[in-house]
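Trainee: I would like a close look at the salt bridges in this model. Please go through them one pair at a time, and say where the partners sit.

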Amino acid sequence: MTDIPAEDIAALIRDKYEGDTHADLTADLERLAAGEPLAYVIGWIPFAGARIELDSRPLIPRAETECWTERLIRHASQKFGDEPFALLDLCAGSGAIGVAIAAALPNAQVSFAELGEAHLATIQKNLDENGIAPSRVAVRAGDLFAPFPDIRFDFIAANPPYIPAARTLDASVTDYEDSAALFSGEDGLDLIRRIATDAPGHLRQGAELWMECDIANVEEAVRLVEAGGASRADIRTDQYGRPRYLVGYYA
């Protein structure tokens with residue numbers, strides 16, 4: 001059996017078995033040895049103060065996404081104070097971004113748009129487990145903005161597929177995570193092109209688009225967002241100092 005890091009075993013006991021050191025880990029260790037991601041074996045992951053279940057096996061939320069989500073929470077709190085605001089979690093997957101924002105900011109009205117209908121139950125479970133009232137959220141399936149055709153938002157937060165099709169990823173990713181949530185055309189920008197073009201029609205005056213991008217295409221993503229109608233777009237770095245996401249501003 002492949003050696004499994006001690007920290008992974010400790011996390012498994014802590015997070016799946018609530019610290020029970022006598023739990024039978026045989027099946028779990030076999031899954032880990034085969035290369036399955038630890039988050040799927042445990043079944044949930046902490047994310048920006050929220051507990052995010054992974055029942056439908058959506059894309060596993062990454063630390064880089066958590067970093068900019070926490071920054072967005074702070075920014076939205078400073079921008080709106082206690083005033084209500086509306087946010088769309090686009091390409092929502094597990095709903096991690098929107099759930100964390102809704103949990104942290106009780107004045108946030110959060111909508112979730114996700115193409116994969118199987119993930120809607122996971123998003124709803126995450127909302128319920130984090131104590132978010134149904135009156136504050138809307139969860140709908142559909143292609144990009146189609147589920148919310150006539151609604152304008154103060155923020156769009158998006159972690160769309162953005163990896164170029166020819167890129168080779170680790171087997172623990174490609175063998176277990178949904179390729180549709182990872183890859184987006186030859187240059188990785190197919191979905192980002194559509195978001196850049198359509199976002200202005202779904203944003204209020206003074207609104208912002210926060211969107212994760214590939215390090216290799218973030219500069220082109222900025223150009224697309226500005227060409228699509230943003231007054232400007234800025235590249236932001238992640239916690240490792242790498243250009244990871246953009247913020248588009250709409251006057």
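Mentor: Glu36 and Arg57 form a salt bridge, with 3.2 Å between the closest N and O atoms. This pair links distant parts of the chain, its two residues being 21 residues apart. Glu36 lies in the loop between α2 (26-33) and α3 (38-42), and Arg57 lies in the loop between β2 (50-53) and α4 (63-80). The model is a predicted one, and the distances and accessibilities here are computed from it.

Now take the surroundings of each partner. Glu36 counts as buried because its relative accessibility is 10%, and buried means under 20%. Arg57 has a relative accessibility of 31%, so Arg57 counts as partly exposed.

A second pair is Asp154 and Arg204, whose side chains meet in a salt bridge at 2.7 Å, N to O. This pair also links distant parts of the chain: Asp154 is in strand β6 (residues 153-158), Arg204 is in strand β7 (residues 203-212), and they are 50 residues apart. Asp154 counts as buried because its relative accessibility is 9%. Arg204, with a relative accessible area of 38%, is partly exposed.

The third pair is Arg244 and Asp238, with side chains that meet in a salt bridge at 3.5 Å, N to O. Here both partners, Arg244 and Asp238, are buried. They also belong to a network of salt bridges that links Glu64, Asp238, Arg242 and Arg244. For the total, a search of the whole structure finds 19 salt bridges.

A residue outside these pairs can be read in the same manner. Asn107 is found in the loop between α5 (96-104) and β4 (108-114). With a relative accessibility of 16%, Asn107 falls under the 20% cut-off and therefore counts as buried. What does the side chain of Asn107 reach at 3.0 Å? The backbone oxygen of Gly81 is the atom reached by that side chain. Leaving aside residues up to four places away in sequence, Asn107 touches Phe80, Gly81, Asp82, Glu83, Pro84, Phe85 and Arg136. Gly81 therefore appears twice in this account of Asn107: in the list of residues touched, where contact means heavy atoms within 4.5 Å, and as the owner of the backbone oxygen at 3.0 Å.

Key:
Residues are numbered from 1 along each chain as its sequence is written. This is a predicted model: local features need pLDDT of at least 70, side-chain atom pairs count only at pLDDT 80 or more; totals for chains, interfaces and linings use all residues. Side-chain values use heavy atoms; hydrogens and water are left out. Helices (H or I, at least four residues) and strands (E, at least two) are DSSP runs, numbered from the N terminus. Buried means under 20% relative accessible area, exposed over 50%, partly exposed in between (1.4 Å probe, protein chains only). A polar contact is a pair of N or O atoms within 3.5 Å; within protein, one must be able to donate a hydrogen and the other to accept it, and residues adjacent in sequence count only if both atoms are side-chain atoms. A salt bridge is a side-chain nitrogen of Lys or Arg within 4 Å of a carboxyl oxygen of Asp or Glu.
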